[in-house]
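User: I would like to go through this structure in short questions, with the reasoning behind each reply. Please keep to what can be computed from the coordinates.

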Amino acid sequence: MFEEVAKTAEGDLVINVGPQHPATHGVLHLLITLNGETIKKVEPHLGYIHRSIEKMCESLTYRQFIYVTSRMDYLSAHINNHACALCVEKGMQIEVPDRAKVIRVLMDELTRIASHELWWGAMAMDLGAFTPFFHAFRERETINDIMEETCGARLTMNYMVPGGVMQDLHPDFQRRVKEFLVLYKRKIHEYDEMVTGNIIFQNRMKGVGYISPEDVISYGVTGPAARGSGVSSDIRKLYPYEIYDKLQFDEVLETAGDSFARYLVRLREMDQSIRIVEQLIDNIPEGDFQAKTKAVLKLPKGEFYTRVETARGELGVYIVSEGGTTPYRIKFRSPGFSNLSALDHMVRGGKLGDLVASMGTLDLVIPDIDR
Amino acid sequence: MTNEELKIQLTALFPTATWEEGTEWPTFQITPAEWSTVANELRTNDALKFDYLFCETCVDWKTHLTMVYHLSSTNFRHNIVVKAKLDRTKPEIATVAGIWRTAEFFEREVYEMYGVNFLGHPDLRLLILPDGWEGKNPMRKDFEDPINMIKL
């Protein structure tokens, strides 16, 4: 189907990166047209992990379909579940108990930290530094252990359900999160010392993969990738859901628009998530963890759309209901899909060796793109 | 602008549009032939400035297809939804990839999943489906695949 190495009529070299390639972090296939070492065009070929989740959801009930969505962006499983639960709650006008709201936000922010930790390790590994990966996993494993205790799973948690959360927190939850906060504060400076200040790393990141604020908006780039260009796009701030409007945290913005700016945004965003966790961990209200809901959920006829901020950007869930127990149509507006569409624009005219820096700072998760 | 103010302004601009009631964001329907001019106006009008297309998708209603565009303004922070009804046997609508670049990928996905032909699209090819895909468009309601799809 695809030649391993081919030449175009103008004599440009066409090479394949992926679908099995360590730098694409999954089965992403890029067809790259090269003139010497300069990139002339990047064409993504998707679908190697397409599971047709949207079609599948059309035959699943509103309780069942949430479990499938953990498999989209597996690094933000909690936030995916959260978006779907919010959409069903919006349609049925379910009031979520305060305790559940706080638990949800706590879980979301821990997920965000874990996701950024993995990204940081993998990003450094893409650029040739292997050690940071182990440092990142040291902290990330702690979060996964905390999740495992309460949710029973380490990646696909399926913890959020319409009306609240599946079960109450594990008795050890607060103690272990506090231990994690201590560990994080003791270790985070290592990240800067090891990678951020490294001159080789900076040379490979600065000025690479520039994207202007206008292009960010036009291409629909969201999340830390957009904030690296100075575009305010944090849904938690712009369209607050749950209790985000009552919390103290800053939207991290950088203006350089290159890979290094996007790197800094993600790194600083972890600190903001830590701030949110610190505000909430001692203030979890008592009460129910789930609202009383009917056994069979039926959304009224109509259309419902929710937007949440995942670790990668804006996730939209669009449900069209005909009044039955299953959705008539579901669309997941995944952040990775739109972020990937800007890749060609970002790397065109750059060098092949810089491609991984641009791709790494977009933080692409392929199951999230393919769905 | 609030939803009511938006609605008043948009009604003045597009008198032929039909409005839907009871939605979170102002929602109106236009004909596919109007879409190109409406989209340009939404993007360039100084009081509207819808510069961010945050979702573009299609719904199969068995009798017809409906294109759904979710638009937002990063300047004014207001949102609208625009819909266009397409003929199911020969669905065609103008592309907006030149106005909102993100539409290029969204439209390629809708093209292969629903078979909508986007007139003037710069690169209308399969994106997710494998090359050489033959047969019906998978997201349509009458698509059957007894080997790979399990019905519950």
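User: Which residues does S76(A) touch, not counting residues up to four places away in sequence?
Analyst: This is a predicted model, and S76(A) sits in the loop between α2 (65–69) and α3 of chain A. Once residues up to four places away in sequence are set aside, the contacts of S76(A) are T111(A), T310(A), A311(A) and R312(A).

User: Is S76(A) buried or exposed?
Analyst: The cut-off for buried is under 20% relative accessible area. S76(A) has a relative accessible area of 0%, and therefore S76(A) is buried.

User: What distance separates the C-alpha atoms of S76(A) and T156(A)?
Analyst: S76(A) and T156(A) are 80 residues apart along the chain. In space, their C-alpha atoms are separated by 8.9 Å.

User: Which residue of chain B is in contact with T222(A)?
Analyst: T222(A) belongs to the loop between α8 (213–218) and α9 (224–227) of chain A. Its relative accessibility is 2%, so T222(A) counts as buried. Leaving aside neighbours within four places in sequence, T222(A) has contacts in chain A that include S233(A), R312(A), G313(A) and E314(A), as well as R333(A), P335(A) and N339(A). From chain B, the residue in contact with T222(A) is Y52(B).

User: Why does one side of β7 and of β9 in chain A lack a neighbour in the sheet?
Analyst: The strands form an open sheet of 3 with antiparallel pairing, in the order β7-β8-β9 (chain A). β7 (302–309) and β9 (329–333) of chain A stand at the edges, so one side of each has no neighbour, because each has a single partner strand.

User: Which residue in β8(A) stands opposite T306(A)?
Analyst: β7(A) pairs with strand β8 (residues 314–321) of chain A in the antiparallel sense, over 8 bridges. Opposite T306(A), in β8(A), stands V317(A).

User: Which elements of chain A each supply at least two residues of the lining of the second largest pocket?
Analyst: The second largest pocket holds about 400 Å³ of space and is lined by 18 residues. Those nearest its centre are L86(A), K90(A), P240(A), Y241(A) and T306(A). The elements of chain A that each supply at least two lining residues are α3 (77–92), α4 (98–126) and β7.

User: How do the lining residues of the second largest pocket divide into nonpolar, polar and charged?
Analyst: Tyr and Pro count as nonpolar and Lys counts as charged, which bears on P240(A), Y241(A) and K90(A) in this lining. The division over the lining is 8 nonpolar, 2 polar and 8 charged.

User: Which are the edge strands of the open sheet of 5 strands in chain B?
Analyst: The strand order is β1-β2-β5-β4-β3 (chain B), with mixed pairing. An edge strand here pairs on one side only, and the edge strands are β1 (18–20) and β3 (52–60) of chain B.

User: Which residue in β2(B) stands opposite E20(B)?
Analyst: β1(B) and strand β2 (residues 27–30) of chain B run antiparallel and are joined by 3 bridges. The residue in β2(B) opposite E20(B) is T27(B).

User: How many residues of β4(B) are buried, and which of them point each way?
Analyst: In a regular strand the side chains alternate between the two faces of the sheet. In β4(B), H64(B), T66(B), V68(B), H70(B) and S72(B) point one way, L65(B), M67(B), Y69(B) and L71(B) point the other way, and all are buried. For strand β4 (residues 64–72) of chain B, the count of buried residues is 9 of 9.

User: Which residue in the turn between β3(B) and β4(B) has a positive phi?
Analyst: β3(B) and β4(B) run antiparallel and are joined by 8 bridges, with T57(B) opposite V68(B). The two strands form a hairpin with 3 residues between them, and the residue in the turn with a positive phi, about 70 degrees, is K62(B).

User: Which residue takes a positive phi in the hairpin of β4(B) and β5(B)?
Analyst: β4(B) and strand β5 (residues 79–87) of chain B are antiparallel, with 9 bridges joining them, and M67(B) stands opposite A84(B). This hairpin has 6 residues between the strands, and the residue with a positive phi near 60 degrees is R77(B).

Technical notes. Residues numbered from 1 in each chain as written. Chains lettered and ligands numbered in written order. Heavy atoms only, no water. Pairing = 2+ DSSP bridges. Helix = DSSP H or I, 4+ residues; strand = E, 2+ residues; numbered from the N terminus. 1 Å grid on protein atoms, 1.4 Å probe; cavity = no way out; pocket = protein on both sides within 12 Å on 5 of 7 lines; lining within 4 Å. Points joined across faces, edges and corners; volume = space filled by probe spheres on them. Buried < 20%, exposed > 50% of the residue type's maximum accessible area, 1.4 Å probe, protein only. Contact = heavy atoms within 4.5 Å.
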